[in-house]
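This report describes a single protein chain, beginning with the surface and moving on to the fold, the core and selected residues. The sequence and the model are shown first.

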Amino acid sequence: LPKPKEIAQELNQELLNEDVVKAFQHYEALIKKHQELAESEAHIKLLQQELLQAKVHNDENYENIHKKYQEAYEAFTNHPLVVNYLNLKEEVNDLLLEVEAIINNGLAIDIDL
């Protein structure tokens, strides 16, 4: 019988061969290489930190920072590459949840016997 680690490695390889996973990885690579998106993401992270600091210190500029953050976040998440990436990420997550459910259901059946 194959060992659990071998089975997990085979399952991992099968998942990596799924079209949706390949597409997800493709978009992930495109986003990482896209200079404008990388800068936009870094800017959003900086604004998140500013927001947190403004909230902690009851800064009067909180609303202004929040507005800038919302605008930057919406521009980033509405970029076509990011839209496709997020949709594929959700599909991959659904696939992984389905695999997890199958494994868990199989284990529950075996335990009940």
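## Exposed surface

In this predicted model, the protein exposes about 8900 Å², of which carbon and sulfur atoms supply 54%. Of the 113 residues, 20% count as buried.

Leu11, Ile103 and Leu107 together make a nonpolar surface patch of about 240 Å². One member of this patch, Ile103, lies in helix 5, which covers residues 80-112. The relative accessibility of isoleucine 103 is 42%; because this value falls between the 20% limit for buried and the 50% limit for exposed residues, isoleucine 103 counts as partly exposed.

## Fold and overall dimensions

The protein contains five helices and zero strands. Read from the N terminus, the order of elements is α-α-α-α-α. The radius of gyration is 21 Å, whereas the globule rule gives 13 Å for 113 residues; the protein is therefore more spread out than a compact globule.

Along the principal axes, the C-alpha trace spans about 65 × 35 × 20 Å. Among contacts with a separation of 6 or more, 68% are accounted for by residues 24 or more positions apart.

## The largest nonpolar core

The largest nonpolar core has 21 residues, and within this set Val20, Ile31 and Leu37 touch the most other members. At least two residues of this core come from each of helix 2 (19-33), helix 3 (35-56), helix 4 (62-77) and helix 5. The greatest contribution is that of helix 5, with seven residues.

Leucine 37 is one of the core residues that touch the most other members. When residues up to four places away in sequence are not counted, Leu37 touches Ile31, Phe76, His79, Leu81 and Val82. Ile31 is likewise named among the residues with the most core neighbours.

## Histidine 79 in the loop between helices 4 and 5

Histidine 79 is located in the loop that links helix 4 and helix 5. Is this residue buried or exposed? Its relative accessibility is 18%, and since buried means under 20%, histidine 79 counts as buried.

Apart from neighbours within four places in sequence, histidine 79 is in contact with His34 and Leu37. The contact with Leu37 links this loop residue to one of the core members noted above. Histidine 79 is also listed among the residues that leucine 37 touches.

Terms used: Residues are numbered from 1 along each chain as its sequence is written. This is a predicted model: local features need pLDDT of at least 70, side-chain atom pairs count only at pLDDT 80 or more; totals for chains, interfaces and linings use all residues. Side-chain values use heavy atoms; hydrogens and water are left out. Patches are made of residues with over 30% relative accessible area and no salt bridge: like charges are joined within 9 Å, nonpolar side chains (Val, Leu, Ile, Met, Phe, Trp, Tyr) within 5 Å. Accessible areas come from the Shrake-Rupley method with a 1.4 Å probe; for residues, only the protein chains shown count as cover. A salt bridge is a side-chain nitrogen of Lys or Arg within 4 Å of a carboxyl oxygen of Asp or Glu. Helices (H or I, at least four residues) and strands (E, at least two) are DSSP runs, numbered from the N terminus. Buried means under 20% relative accessible area, exposed over 50%, partly exposed in between (1.4 Å probe, protein chains only). A nonpolar core is a set of buried Ala, Val, Leu, Ile, Met, Phe, Trp, Tyr and Cys residues joined through side-chain atoms within 4.5 Å. Contact means heavy atoms within 4.5 Å. The radius of gyration is taken over C-alpha atoms; the globule rule is 2.2 Å times the number of residues to the power 0.38.
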